[in-house]
Amino acid sequence: MNRTKENILIRLQHIDRRWIYLILWLVVMIPLLFPFKIQPRPTPPVTQLFNYIDTMPEDKALAISVDFTPDTRAELQPMVVSLMRHAFAIKRRVGILAISVYGLGLGEEAIQQVTEEFNSRARNHEDSVIYGEDYIFWGWTTPVLTVMLGMGERITNVFPVDYYGNKTETLPITKHIKNYDDIGVLVTIAASAIPRSWINYAQTQFGVHLSCGITAVSAADFYPYVNSGQFIGMLAGMKGAAEYEQLVRQRMEKNGMTWLLRNRGTEAMSSQTSAHLTIMAFIIIGNIAYFAVRRKRK
Amino acid sequence: MILLLIILFTVTPPTAVQVKDLPNDDGGKILITWQRAPEPEIIGYRVLRQEQNSEEWETLAFVGRLANRYIDDEAKNYLPYRYQIIACTDTTAVPSEPSGFVSAVPHWFDTSTLPAFIGTIILSLIFIYFINRAQRDKNLFIRRIAGLDAVEEALGRATEMGRATLYVPGLSSMADVATIASLNILGEVAKKTAKFGTPLIVPTSDPIVYTVAREVVKESYTAAGRPDAFHQDIVFFVTDQQFAFAAAVDGIMTREKPATNFLIGMFWAESLILAETGAATGAIQIAGTDAIAQLPFFITACDYTLIGEELYAASAYISREPLLLGAIKGQDYSKALITFLIIIFTVMALVFNLPVKNWF
Amino acid sequence: MKRRIPLMIVLITGIFGAVAFFVPHPAIRSADELMRNDVQRIITAFSLVLGVGSIVQHHLLKIKRHAQFWPYSYITIIALLITAIIGVFGGIDVTKPGILPTRIASFSFHIQTIYSNMMVPLAATMFSLLAFFMSSAAYRAFRARNLEATLLLLSAFILMLGAVPLGRAIHKQLPAFAEWILAVPNTASKRGILFGVELGIFATSLKIILGIERGWLGGGK
Amino acid sequence: MNIATDPWIWIGAILTLAIFSFLYKENPFYRIAEHLYVGIANGYAITFYWHRVLVPSLFDRVGAQTTPLSTKIWLIAIAIIGALYFTRFIPRISWLVRIPIAIVLGYASGASIPRAIDAEIIRQLKATIITRHSFANWQAGIWAVIILLGVIATVSYFFFSTERKGILKPLSYTGIIFIMIGFGASFGYTVMARISLFIGRLQFLLGDWLGLIK
């Protein structure tokens, strides 16, 4: 009996790594296919941004700058989606732009998804979100400095035509979003140092309120700006996205929008959580086996 | 006239417009500062410039309402300019008084780099002293580094098993110290594989590193008295693409099953891809890098890891080259100097409350 | 001569490279820009020929010798040739077509298409293998053998726990503790290693410029 | 289920699976993907250097009428130096290959000297110094002291001139303790980012390719 037990432990110590790979594959894939509910508790930086947007005056718009590239999509795209949902749910105008040309496709994808979610459930004109009235996709232009400074004077000068080729001057929303003064908060979603440029130019020169959504890896670099109040809160990595999704879901339910929407951040977070727990379990099992065998040997 | 009066009453013009040549630059830049107007309806300021002997004012830029400085970086050197700042609201524009004239001048020394300049001089002197001393005193002491015993042992094992040795000199260029240190170690490893007659595989990711590594190995085979054993396929270039290189080396590791893998040099995220595949094939693995972010992965997946500076020391130790040993000495004394400075400055700051952080 | 001329060159270009850092004057700075933009870039581009020559030769040799798995060598050589031909003659810019058409009906085989649909998935997948390798490395290596290994294990464990909701559930301060490890002991050790590494960079650069470090000459006379 | 019809998605998916198959064992699919990858990567490098470096920096400028003659001569001289790399294949003058290497290496070495000191050594030294300001709140002050001790201990671990005796012994041991805690932290901190990469690949396979998730 003891002998077999020891054998198992020894074998466990030198288990074929492919079992580990298989388990990891499954624990990441299954939650993606069949999302289970974990409800991450919102951390202060996330709540701070949510509350700020939630209580923004009605005439202030939310601006989202899609500053990342497709390689960090898994982490950052859910932020764009849930920020848009939040603004539409509380009927605030939304302006979207891209600092990186690769952000255009990602911005467009998020717009398609969220407007479809709202418009397919709208019963009247009031409920639906309409391009050029409720939101605008300014698109992309270069150089970066021109965008960040020019938007403080007049957005239509920076983006004379929008992403779809409309003259921005002719769109009704333009009357309400002339420059930074009409933007309640601009959220830059990025995996690079771009949020710092937004602070250096848009904020120091125009005092625009900023916030950011970044990858988990770069969170440590941006914490100081949150602490100093230069960013109103921050969404960091999938965890930040998932927490924001939960807050938006609760807000929408309160507003009577009890829709079943995909929350990619939350779903990915279930994968993340199960993967982390699995790896930690591996470490624990490895050590139990190690110590059990070592004690036997003594 | 009435309209103009209204404007003047509602918005005050920017005041105290100051101009000066930007210091420490390559010329062509003038710094303009001003006092902001207090009115909240101002959206920003327009910066205007006039050349001496010209009537024309040109608009340089529009800056935000919180800005109180602008750097004109399009000035011609030695040509005097003056500037004017216009406060703009949605409907009005109120100009300041024009500034005085100033011209941009290029500078020969960037005073902000003075600490680095002093540092460069001091450290250079330390190193040159020790390198000189090393030439006279052949017995400079360097403590033995544990990982080096592992090198011998690993090569011995490869011979016993009759299997190949894989040596990856990192993915960076010759400009990286880690690559140079790695090629020094490669020279010694190649001498041993030549002597024992075990096959050596050296995939590279930089064309120049490939060229140099090839010469290094060739020379080692000659030095070991086995020039016949050197063939042109020992060292080869794979690709400069990070993950394509990792894919290829993973393939080599699993197909050739080397008994020993050396992963020494500069690595990025591919470090663990290589190290874990190597561990799976059962090879003895010796890693060494100064890429701090990759060290945790080598530590977990390799049998022995030369951490940061140990890599340079190992390259000096293994080659027993007095000049390299002298440099290690110089490094030790420089570190002692840095430690000393940290402590001294801290004491000065805490005890005497001196603003040490503003000194450099 | 075979050694002296190259050693003279490193001395001159080396001193120039260092001086350019301290001197903003356009006389030096524009020369520095020429050095970086023209000289370095163009010379590096030529060096690729050595690399490509080597990989092609390596695989031709395998084919010739019928070494193990030699048929796969054809794949590398053919893929290299096709990609280079499409890229060089088809143009790299989607908006500026080259002399080679890169589209058959609706099927594009432009170099950027190849890049985003073959190189990117391949790179991303190789990169993502790390998720697996981290698990197996952690399982194998994170054993509490001695104090050092235990600390390595514990700090990794706490950081992982801090990243998931469970960490907060165990103790409210756990995520903050994880951050503290990252911000305090981690910073200290990184900084300590960095001093040595940067001094090593300094010393080696100095040795190269002064002609003491000659490994790069690659032996020979 | 809404499987992709774009052939490129299929190619991407097949290559993705071929690389993942390596986790099980080295196999012909992986071998094909690996050899293909190396070939394409080199082909792409040729394309890149041709279109992004040689054409705009060299050929276009030498060919343009507006380029001054001195610049043309200068550019041609650089090209000749670059071409010296080819002498590696000619044994008698193969030493000439050292000239372009010397130019690239010398400049890079020289440029890195002041930068190593300015950006790294001085900045990190400055950050480690404790001032009264560090004690603005007592916690931050204690952390600053720990960092200072940790830095000194870690530095002492890399002291090679003497054996580890006397004060160096406990100090360098403290150093390795800091190093191990730091490495563990980096490892644990990176896990999330790497899992994210894998989630990204699964989203491609299950979403873009198979259409199982939207």
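Biologist: How many Å apart do the C-alpha centres of domain 1 of chain C and domain 2 of chain C lie?

Modeller: Keep in mind that this is a predicted model. Chain C is divided into domain 1, residues 1-65, and domain 2, residues 143-215. Going from one C-alpha centre to the other, the separation is 34 Å.

Biologist: And what area do domain 1 of chain C and domain 2 of chain C bury between them?

Modeller: On the contact side, six residues of domain 1 of chain C meet five residues of domain 2 of chain C. Carbon and sulfur atoms carry 70% of the area buried between these two domains of chain C, and the total is about 440 Å².

Biologist: How many salt bridges does the rule find across the interface of domain 1 of chain C and domain 2 of chain C?

Modeller: The side of domain 1 of chain C that touches domain 2 has four nonpolar residues, one polar and one charged. Residue pairs in polar contact between the two domains, both at pLDDT 80 or more, come to zero. For salt bridges across this interface, the count is zero.

Biologist: Over in chain A, is A:Ala236 buried, partly exposed or exposed?

Modeller: You'll find A:Ala236 in strand β6 of chain A, which covers residues 231-236. Leaving aside neighbours within four places in sequence, A:Ala236 is in contact with A:Met79, A:Ile214 and A:Ala219. Buried would need under 20% relative accessible area and exposed over 50%. Because its relative accessibility is 22%, A:Ala236 counts as partly exposed.

How values were computed. Residues are numbered from 1 along each chain as its sequence is written. Chains are lettered from A and ligands numbered from 1 in the order in which they are written. This is a predicted model: local features need pLDDT of at least 70, side-chain atom pairs count only at pLDDT 80 or more; totals for chains, interfaces and linings use all residues. Side-chain values use heavy atoms; hydrogens and water are left out. Domain bounds come from an automatic or database domain assignment. Contact means heavy atoms within 4.5 Å. Buried area is the accessible area (1.4 Å probe) that two parts lose on being put together, summed over both. A salt bridge is a side-chain nitrogen of Lys or Arg within 4 Å of a carboxyl oxygen of Asp or Glu. A polar contact is a pair of N or O atoms within 3.5 Å; within protein, one must be able to donate a hydrogen and the other to accept it, and residues adjacent in sequence count only if both atoms are side-chain atoms. Ala, Val, Leu, Ile, Met, Phe, Trp, Tyr, Cys and Pro count as nonpolar, Asp, Glu, Lys and Arg as charged, and the others, Gly among them, as polar. Helices (H or I, at least four residues) and strands (E, at least two) are DSSP runs, numbered from the N terminus. Buried means under 20% relative accessible area, exposed over 50%, partly exposed in between (1.4 Å probe, protein chains only).
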